[in-house]
Amino acid sequence: MGLFNKKKTVDLDEVFKEKYKALNGIMQSAHEELDYTIKAASMELAIEKYDQLLELIDQGANFDREHFYKLKEDAIKELDLIKGLE
């Protein structure tokens with residue numbers, strides 16, 4: 001019965017790093033994409049991922065919230081620019 005009582009601890013920093021790595025892949029893909037519709041969809045996904053990173057920081061991940069908030073704002077500006085070109 002002792003096996004079921006142990007709670008797994010989640011390393012928020014590791015979860016953050018994994019999500020940030022995926023986010024960087026999405027951003028790179030968006031920057032390389034030539035189709036503006038796909039590029040915009042990728043940027044929207046990236047913005048959602050930034051929100052997830054900010055939530056992890058709020059939960060205790062040890063990263064600079066202001067830095068990632070600024071990166072999210074930059075992604076939003078880039079998305080607005082892409083939408084203006086469509």
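Reader: Why is Tyr-20 called partly exposed?

Author: In this predicted model, Tyr-20 has a relative accessibility of 25%. Partly exposed covers the range between under 20%, which is buried, and over 50%, which is exposed. The value for Tyr-20 falls in that range, so Tyr-20 counts as partly exposed.

Reader: How do you know that Phe-16 is buried?

Author: The relative accessibility of Phe-16 is 1%. Buried means under 20%, so Phe-16 counts as buried. Phe-16 and Tyr-20 both lie in helix 2, 4 residues apart, which is about one turn of the helix.

Reader: How many aromatic pairs does the whole structure contain, and what makes the pair of Phe-16 and Tyr-20 tilted?

Author: A search of the whole structure finds 5 aromatic pairs. The ring centres of Phe-16 and Tyr-20 are 6.2 Å apart, with the planes at 35°. Ring centres must lie within 6.5 Å to pair, and planes that are neither under 30 degrees nor over 60 degrees apart count as tilted. The pair is therefore tilted.

Reader: Why are the rings of Phe-63 and Phe-68 called edge-to-face?

Author: Their centres are 6.3 Å apart and their planes stand at 85°. Planes over 60 degrees apart count as edge-to-face, so this pair receives that name. Phe-63 is partly exposed at 27% relative accessibility, whereas Phe-68 is buried at 6%. Ring pairs link Phe-16, Tyr-20, Phe-63 and Phe-68 into a cluster.

Reader: What makes up the largest nonpolar core?

Author: The largest nonpolar core has 19 residues. Those with the most contacts inside this core are Phe-16, Leu-23, Met-43, Tyr-50, Leu-53 and Phe-68. Helix 2 (12-32), helix 3 (36-59) and helix 4 (65-85) each supply at least two residues of the core. Helix 3 gives the most, with 9 residues. In soluble globular proteins, nonpolar side chains tend to be buried together.

Reader: Which residues does Tyr-50 touch, leaving aside its neighbours within four places in sequence?

Author: Tyr-50 is in contact with Leu-23, Phe-68, Leu-71, Lys-72 and Ala-75. Tyr-50 is one of the buried residues of helix 3, which also include Met-43, Ile-47 and Leu-53. Helix 2 and helix 4 are among the elements that cover the buried residues of helix 3.

Reader: How do you know that the span of helix 3 is close to the expected one?

Author: Helix 3 has 24 residues and reaches 35 Å from its first C-alpha to its last. The span expected at 1.5 Å a residue is 34 Å, and the computed reach is close to that value.

Reader: What is found at the two ends of helix 3?

Author: At the N-terminal end, Asp-35 caps helix 3, with a side-chain oxygen 2.8 Å from the backbone nitrogen of Thr-37. Helix 3 is followed by Gly-60, whose phi is positive, near 130°.

Definitions and conventions:
Residues are numbered from 1 along each chain as its sequence is written. This is a predicted model: local features need pLDDT of at least 70, side-chain atom pairs count only at pLDDT 80 or more; totals for chains, interfaces and linings use all residues. Side-chain values use heavy atoms; hydrogens and water are left out. A nonpolar core is a set of buried Ala, Val, Leu, Ile, Met, Phe, Trp, Tyr and Cys residues joined through side-chain atoms within 4.5 Å. Buried means under 20% relative accessible area, exposed over 50%, partly exposed in between (1.4 Å probe, protein chains only). Contact means heavy atoms within 4.5 Å. Rings of Phe, Tyr and Trp (its six-membered ring) pair if their centres lie within 6.5 Å; planes under 30 degrees apart count as stacked, over 60 as edge-to-face and the rest as tilted. The expected span of a helix is 1.5 Å times one less than its number of residues. A polar contact is a pair of N or O atoms within 3.5 Å; within protein, one must be able to donate a hydrogen and the other to accept it, and residues adjacent in sequence count only if both atoms are side-chain atoms.
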